[in-house]
Every structure is written in C-alpha cells, then in structure tokens.
Amino acid sequence: CVHTENCFVPTSEIIAVEETELNKKQRNIGKWQKMAKPHAFTVYYVKKARNHRWRCSDVTFWCVDEHLCNQWIQALKELLEMQKSRPKQLLVYINPYGGKRQGKSIYEQKVAPLFSLASISTDVVITEHANHAKDNLFEVNINKYDGVVCVGGDGMFSEVMHGLIGRMQKDSGIDQNNPKAPLVQCNIRIGIIPAGSTDCICYSTVGISDPVTSALHIIVGDCQPLDVSSVHHNNTFLKYSVSLLGYGFYGDILKDSEKKRWMGPMRYDYSGFKTFLSHHYYEGTISFQPAKHTVGSPRDKDSCRAGCYICKKSEQQLAEQHKECGLKHEEDEEEWKVIKGKFLAINAVNMSCACPRSPKGLSPAAHLADGSADLILVRKCSRFDFLRYLVRHTNQDDQFDFSFVDVYRVKSFQFTSKLSEDNESNVTDIGKKHFGQFCRDHPACCCNIANSTWNCDGETLDSSAIQVRVHCQFVKLFARGIEENSKDEAAYSQSSIEQLL
C-alpha cells in the first residue's frame with residue numbers, strides 16, 4: 001500500500017507510477033532544499049470522493065539515493081503488472097451525436113489522458129450512423145482486445161452489447177432466433193463512459209454518471225457480471241434487454257417522444273405528462289415462471305451492492321438446478337403462473353433502473369446478476385392512484401404497497417395482448433383486425449388503443465406479443481456494482497428503525 005495523508009491505498013487502486021523530474025522551483029521548497037540532487041517518483045492513485053465519485057490523485061516521494069528511488073519505482077511497477085484483470089488494449093466506440101453531442105470532447109479531454117497515463121493502448125472508432133458499432137464488431141479481430149468501451153448513453157451501450165453478443169453467437173454457430181438456444185456467454189468486458197441523455201445502466205452499476213469515475217473503473221480492471229434478457233416473438237429474435245422492458249405507460253411515452261426528437265431531452269417530460277393524462281389501459285395475458293433459485297425477493301429492501309451475496313448465492317442455486325435436472329427439462333416442466341387483466345403498465349427490470357431523478361429506481365431491490373427480472377404489474381386504477389404510485393419512485397416510500405400493484409421475481413415470461421389473442425382466435429374477422437376495436441370506455445370514438453408498444457431499453461419493439469428469458473450473468477462490465485457507504489448504511493438503518501416502530 002502507498003501511504004498518503006493519513007490514508008492507505010491498496011495496490012489494486014494505484015493507476016500508475018512515474019519517475020518525476022523536480023524543477024528548480026520545487027527543489028527550493030522545504031525538505032528538498034537541503035538535498036544535493038533529490039530523486040523523486042509520483043504515484044497516481046484512485047481517490048474516492050462523495051456519492052461514488054472517483055478522482056485521480058497523486059503523491060510524490062523523494063530521496064537522495066537514485067538507486068533506492070529506482071528500486072521503489074521498479075517494485076511498484078511489478079506490483080501493477082501482477083494486476084492481471086487490468087486491460088492493456090481497448091476498442092473504443094464514440095457516439096458523437098448522443099446526448100448533448102459531447103461524446104468526442106468528453107473522451108479526448110477527460111478519458112484519453114487517463115488511459116495514456118495507465119499505459120492502455122486504444123483503437124478509437126467514431127460512429128457515423130446507427131448500428132455502425134454493432135456492424136463493426138462483426139468484422140474486427142475481437143481477440144486482440146481486453147475490452148470494448150462505448151462513449152455515449154444507454155443506446156450506445158445497447159448497440160455495442162448487441163454487436164458483442166451477436167458476434168459470440170455467430171462464431172459459435174448458435175441461432176439467436178431459437179428462444180430456447182443455449183447462448184454462449186460474452187466474456188469480453190464492456191466499459192461505459194457516460195455521455196448520453198440517459199445513463200441509467202452506468203448509474204445502476206457504478207452509482208454515478210461521471211466519465212472520470214467510469215474511466216478509472218476501467219483502468220483498475222473492475223468486473224461486474226450482468227443479467228441479460230432475450231426477447232423473442234414466435235421464433236424470431238427481437239432484442240436483448242439489460243434494464244427496462246416496459247409496456248403500457250413507458251411504451252407509450254417512448255412512442256410519443258420518438259415523434260418529438262426536435263425537443264431534445266425535454267421531450268420525455270412532455271410525453272410523460274401527455275401519456276399520464278391519456279390514462280390508457282391495455283388488456284392482455286401475462287404468464288411467467290417464478291425465479292425459485294433466487295434467495296432474495298423484490299420487497300426485501302436488500303439492495304444490490306458491490307460483492308452482492310444474493311447475486312453470488314442465486315448464481316450457485318441456478319447452477320445446481322441446471323445440474324440436477326438439465327435446462328430443457330427444467331424449462332418445460334416448471335410451473336407457469338398465468339394472469340389476465342387490464343394493465344396501465346407492465347414493467348420487467350433486470351436492475352433497479354435508478355437514475356438521478358429516481359434514486360431508488362423502478363424496483364429498488366432488483367439485482368444485477370441473480371439470473372432474474374422483477375416483473376411489475378400495475379393494474380387499471382384511477383388517475384390519482386396511478387399518480388401516487390409514480391410519486392413513490394422519487395421518495396423513500398414502498399412503491400409496491402398498493403392493492404393495484406403486483407411484483408414477482410421471474411426467470412422468464414410471456415405476454416399476449418387481448419387484441420393479439422382475438423386476432424389469433426378469429427382471423428376471419430377482418431374488420432377487427434384492420435380497424436382495431438371500439439373503446440369500451442368511449443363508445444363514440446374509434447381510436448385503436450388496444451395495443452401499446454414495448455419499450456426495450458429505450459427502443460421500441462414492433463411486436464406486442466413477446467417471450468422473454470433471463471440469462472444469468474451473460475455479459476460483464478468494467479464496474480464493481482455500487483459500493484456501500486456510510487450514507488447508504490445510515491439510510492438503511494433509519495428505514496429498519498421506522499419499520500420496527
């Protein structure tokens with residue numbers, strides 16, 4: 001460890017060690033003044049600030065003995081060489097158009113100098129159009145890299161993730177269109193440098209959306225596994241999801257906001273307000289397999305943190321289940337729970353989906369790597385009740401404590417809308433198929449609101465009828481999960497005391 005101003009830094013959090021040339025001005029200060037020819041070296045290390053923010057700090061050591069100084073430099077560099085999880089070569093994709101169009105300058109000013117300091121070599125690709133990174137990942141020699149870094153928002157991460165997973169399946173000859181195909185895990189880590197309008201994935205895995213913090217997590221070689229959900233319609237692969245699959249309220253917001261891209265990030269507020277006022281509900285059937293392997297539950301107040309024991313335990317339980325009865329047998333035989341109803345929102349989340357506006361997220365106790373998703377069903381209720389539910393995402397109250405809200409921890413689920421069911425059972429009824437159906441609540445109008453759209457990590461899906469399966473720890477990020485801090489612990493203790501009272 002390096003000792004600095006009353007704190008110890010583990011070698012795993014040293015960024016670099018460099019020989020330092022002391023100029024004349026420095027030599028005339030304090031202790032160095034008495035030395036004939038001082039020799040010095042500087043240690044750059046991670047300094048942890050508030051709210052999970054990391055910064056690069058440094059401390060300089062000096063002595064008169066040049067040989068001793070070189071020995072120290074050599075010894076520390078050897079310690080850094082022993083940190084085998086650190087990347088040496090990275091492939092970087094920069095989205096210059098995302099968010100506030102700052103991706104390129106954020107990378108060049110804040111990230112590239114840190115990578116250079118840590119002796120990480122990079123190949124940088126500036127994306128020119130949608131799916132540029134995804135297509136490029138099918139062509140590059142992926143084996144020469146220790147990781148892939150995306151500079152942008154959640155959309156950019158999704159594109160890189162789809163490219164990497166798709167490349168892995170293609171190289172292994174696996175058909176992604178088969179919903180039951182045993183997919184190959186993606187072992188190349190992905191780094192996220194946040195530079196988008198939404199950085200939910202970064203916020204939920206690091207605890208803050210900050211480019212320097214994320215760059216330092218990449219440099220020290222952190223690794224956080226992440227569950228991924230595959231989404232199919234019949235036998236056609238649609239998308240992979242790591243954060244939110246939302247039908248109804250969140251699907252409608254996305255569909256409406258896509259038409260208003262000219263408004264910038266403000267479009268989400270406008271579309272959210274408009275969607276809330278429209279108060280559409282949707283009929284359908286949802287069937288799911290409960291995640292019996294998980295040791296946690298959506299309402300246990302046990303948040304996912306760095307080194308999470310629930311994720312580790314759930315992964316072990318899942319592996320044991322697979323050993324005992326085999327994947328196919330288990331998926332076919334295990335019970336499915338079926339729920340029919342009228343829903344304002346159906347949300348399936350693989351992580352808490354926390355962001356600065358909603359610090360707890362959609363499901364505060366959802367886990368990053370436990371092989372399950374939290375399925376939240378918000379049934380038809382009054383506008384006032386729905387508003388009460390939405391407000392609870394911004395405060396400390398239990399958002400699942402409503403009679404019209406149900407939450408389940410699942411490992412797979414299927415959804416079919418009432419309209420799709422009717423069409424399948426009565427395909428000859430052309431009028432219904434092409435012109436929608438009369439709204440039961442508004443007989444005078446003929447607006448086709450029988451179907452919503454699925455919002456899959458901020459992108460719309462064409463089909464309302466979907467099959468979803470969670471793949472445990474399917475990708476790996478350069479992150480370590482949200483680290484526990486005294487503020488979190490204090491808040492947790494406070495909530496426990498309140499429950500007791």
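## Strand E12 and its two partners

In this predicted model, strand E12 and strand E17 (residues 454–456) are joined by 3 bridges and run antiparallel. To find a spot where they meet, look at Gly246: Asn455 in E17 stands opposite.

E12 also pairs with strand E14 (residues 337–349), again antiparallel, with 5 bridges between them. Here you can pick out Leu244, whose bridge partner in E14 is Val349. As for E12 itself, the strand spans residues 244–248 and is mostly covered, with 5 of its 5 residues buried.

What holds strands like these side by side? Strands of a sheet pair through backbone hydrogen bonds, and they can do that parallel or antiparallel.

## A sheet of 3 strands

Now jump to another part of the chain. Strands E3, E4 and E5 line up in that order as an open sheet, paired antiparallel. Which strands sit at the edges? They're E3 (14–20) and E5 (54–63), each pairing on one side only. Going from one strand to the next, the twist averages 20°.

E4 covers residues 39–48, and its antiparallel pairing with E5 runs over 10 bridges. One pair to look up is His39 with its bridge partner in E5, Cys63.

## Helices on the sheet

Helix H3 (residues 103–117) packs on this sheet and touches E3, E4 and E5. The direction of H3 makes about 70° with that of E3.

Helix H7 is made of residues 211–219 and packs on the sheet too, touching E3, E4 and E5. Take E5 as the reference here: the direction of H7 makes about 60° with that of E5.

Note on methods: Residues are numbered from 1 along each chain as its sequence is written. This is a predicted model: local features need pLDDT of at least 70, side-chain atom pairs count only at pLDDT 80 or more; totals for chains, interfaces and linings use all residues. Side-chain values use heavy atoms; hydrogens and water are left out. Two strands pair if DSSP finds at least two bridges between them. Helices (H or I, at least four residues) and strands (E, at least two) are DSSP runs, numbered from the N terminus. Axes are lines fitted to C-alpha atoms, for helices over the stretch in contact, and angles run from 0 to 180 degrees between N-to-C directions. Contact means heavy atoms within 4.5 Å. Buried means under 20% relative accessible area, exposed over 50%, partly exposed in between (1.4 Å probe, protein chains only).
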